[in-house]
Amino acid sequence: MSAKQTLTTLIMALVLIAMGSVVAAADMPDQVSLDTMVKYFDSVEFDHAMHTELGEDCSACHHHTTGTGTSDERCISCHAESEAVADVSCRSCHVAARFSADQINIVSSNVYLYHIDKPGLKAAYHWSCVSCHEQMDGPTGCQDCHARTPEGDALYREDVSGSPIAEATEH
Amino acid sequence: MSGISRRRFLAASVAGCAATTLAGPRKVLASATFTGYPDGMGVLVDLTRCVGCRSCEAACNKEQKLPAPDRPFDDMSVFDETFHGGKQKRRPDENAYTVVNRYNPENAAPVYRKVQCNHCNEPACLSSCFVNAYTKTEEGAVVYNSKVCVGCRTCMVACPFHVPAYSYSSALDPVIKKCIFCYDTRLKKGLPPACVDICPQEALTFGKRKDLIKIGHQRIETHPGRYVDHLYGEKELGGTSWMYLAPVAFDQVGFDPNPGNEPIISHVKDFLSTVPMVLAIWPAMFTGFHLLAKKQKGDDDHEHDAEKQHGDEGGEQ
């Protein structure tokens, strides 16, 4: 192997490694659109890149599917040896239509299923986000994260003008 | 009094009474052991998850096409509203089939509780309705036919959860109003009710009642310290389709802590079983008494007639 060939191989290898890390970075989204309630609330453009910089381990949100894995005793009895999965997005496990007939039948028909109570996508978002925001003084009000749509205003009856009740009003 | 002797009449009455008393309770017992349709649906309400956003109230209002509320559904001041000297919190009424209330248990964070019909396995409203307006559907909902409702309000008295409300505002056609589990628009089609659909916290879990019982107990087991070890509605009053998990004792969040496990019909079945007896036997018995009495005084009849004639004549003078 000539020196030139060796150099070419080396460059090729470096390019491949660089490409690999580009692919990995591309796999991890900078932004995720959380759109489970878009009828009444705008979707939340979740800044994934910013949240990864907070220094928390990936498994703080992704449980056992990526990062260092879970330390929850209930989970490690089965998932201690679980390897990172191909798709770690929330929606790959937490379905949006949790209460569809199909999902209810999965729970009903499989007597050996342990995860009979896996939260739907909307709950998974709210539990993960709000509980952490409470600890870290992040926004926790409904419209701090997602502004209401005109249809949402109509649902919550912004058109009625009754004034708030003074404290401890009795009838 | 020629066809039946006094002795035969009394013997038949006693036999009739005995037959009704013995046969009655056995029949009613069978109806009081109904534990719900096998694939009936339900909702598990987790009070530890509810944040009191009132979205369920808004969704219910829209789905059931209810009148506009007094205040917007994001007005949280309604939690301060009390009635009857501060003891009574908000209750469902003709304009709102569900309401959320806030409780402040001792040494614990505020707890929010959604109130609506619990869709009993053996509903007291249904048992008490004499026009048969109520139906427990195989999907689990307790629905009612307002076309046959006569507005007697017996179901309001019968309901152990004080749920059915009355359209007092309607002068011409007042009827009972309550949560129907979104039966017509959703449940019948296999969809969750509107309140469950909108809940951001999944404080409401929709599923087959038998699965929800498993889920409820699994939550208690896997989160030690989070819940009191009780699934309210699993057994209470013969079981309800809507069941509850709470972080504090149930009486601290407005529940009747011990309503008993017997459905309401069990408390009235002894009385109800005597109703057919009264309706069937009393007319015969009292007709018998009447005829006997009439026969006994038969000889005096002419005397009475004579007296009456005298009286009439006296009146004319």
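A residue is called partly exposed when the number of other C-beta atoms within 10 Å of its own falls between the limit for exposed residues, 12 or fewer, and the limit for buried ones, 20 or more. A:Cys132 has 16 C-beta neighbours inside 10 Å and therefore counts as partly exposed. This residue is found in helix α6 of chain A, which covers residues 121-136. Along the sequence, A:Cys132 is 72 residues from A:Ala60, yet in space the two are 9.6 Å apart, C-alpha to C-alpha. The model described here is a predicted one, and its scores are ipTM 0.82 and pTM 0.80.

Chain A as a whole contains eight helices and two strands. Read from the N terminus, its elements follow the order α-β-β-α-α-α-α-α-α-α. Of the 171 residues in chain A, 13% are buried. When contacts in chain A with a separation of 6 or more are considered, 43% of them involve residues 24 or more positions apart.

Chain B has 317 residues, of which 36% count as buried. Its secondary structure consists of eight helices and nine strands. Among the contacts in chain B between residues at least 6 apart in sequence, 65% link residues at least 24 apart. The domain assignment divides chain B into domain 1, made of the two segments 8-32 and 266-293, and domain 2, spanning 33-262. The centres of these two domains of chain B, taken over C-alpha atoms, are separated by 38 Å.

How confident is the prediction for chain B, and where does confidence drop? The mean pLDDT of chain B is 87, with 83% of its residues reaching 70 or more. Over residues 24-30 of chain B, however, pLDDT stays under 50, and the model has seven contacts beyond four places in sequence for this stretch. Where pLDDT is low, the predicted coordinates should not be read in detail.

A good place to begin a tour of chain B is one of its sheets. Three strands of chain B form an open sheet in the order β8-β1-β9, with mixed pairing. The edge strands are β8 and β9 of chain B, each of which pairs on one side only. From one strand to the next, the twist averages 25°. The mixed character can be followed strand by strand: β1(B), residues 41-46, pairs with β9(B) in the parallel sense over four bridges, whereas β1(B) and β8(B) pair in the antiparallel sense over five bridges.

Individual residues make these pairings easier to find in the structure. On the β8(B) side, the bridge partner of B:Met41 is B:Lys208. On the β9(B) side, B:Val45 stands opposite B:Tyr244, and B:Asp46 has B:Leu245 as its bridge partner. Strand β1(B) is also mostly covered, with six of its six residues buried. B:Met41, B:Val43 and B:Val45 point one way from the strand, while B:Gly42, B:Leu44 and B:Asp46 point the other way, and all are buried. Helix α6(B) lies across β1, β8 and β9 of chain B and runs at about 135° to β8(B).

Helix α6(B) appears again where the two chains meet. The contact between them takes 34 residues from chain B and 27 residues from chain A. On the side of chain B that touches chain A, the elements giving two or more residues are α2 (55-63), β8 (204-208) and α6 (209-222) of chain B. Of these, α6(B) gives the most, with six residues. By residue type, this side of chain B divides into 13 nonpolar, nine polar and 12 charged residues.

Two loop residues of chain B complete the picture. B:Asn107 lies in the loop between β2 (99-103) and β3 (111-115) of chain B, and B:His119 is found in the loop between β3 and α3 (124-128) of chain B. Neither is a glycine, but B:Asn107 has a positive phi of about 55° and B:His119 has a positive phi of about 50°. Which of the two labels, buried or exposed, fits B:Asn107? B:Asn107 counts as exposed because it has 5 C-beta neighbours inside 10 Å. B:His119, in turn, is buried because 30 other C-beta atoms lie within 10 Å.

Note on methods
Residues numbered from 1 in each chain as written. Chains lettered and ligands numbered in written order. Predicted model: local features only at pLDDT ≥ 70, side-chain atom pairs only at ≥ 80, totals over all residues. Nonpolar A, V, L, I, M, F, W, Y, C, P; charged D, E, K, R; others polar. Pairing = 2+ DSSP bridges. Axes fitted to C-alpha atoms, helices over the stretch in contact; angles between N-to-C directions. pLDDT = per-residue confidence, 0-100. Domains from an automatic or database assignment.
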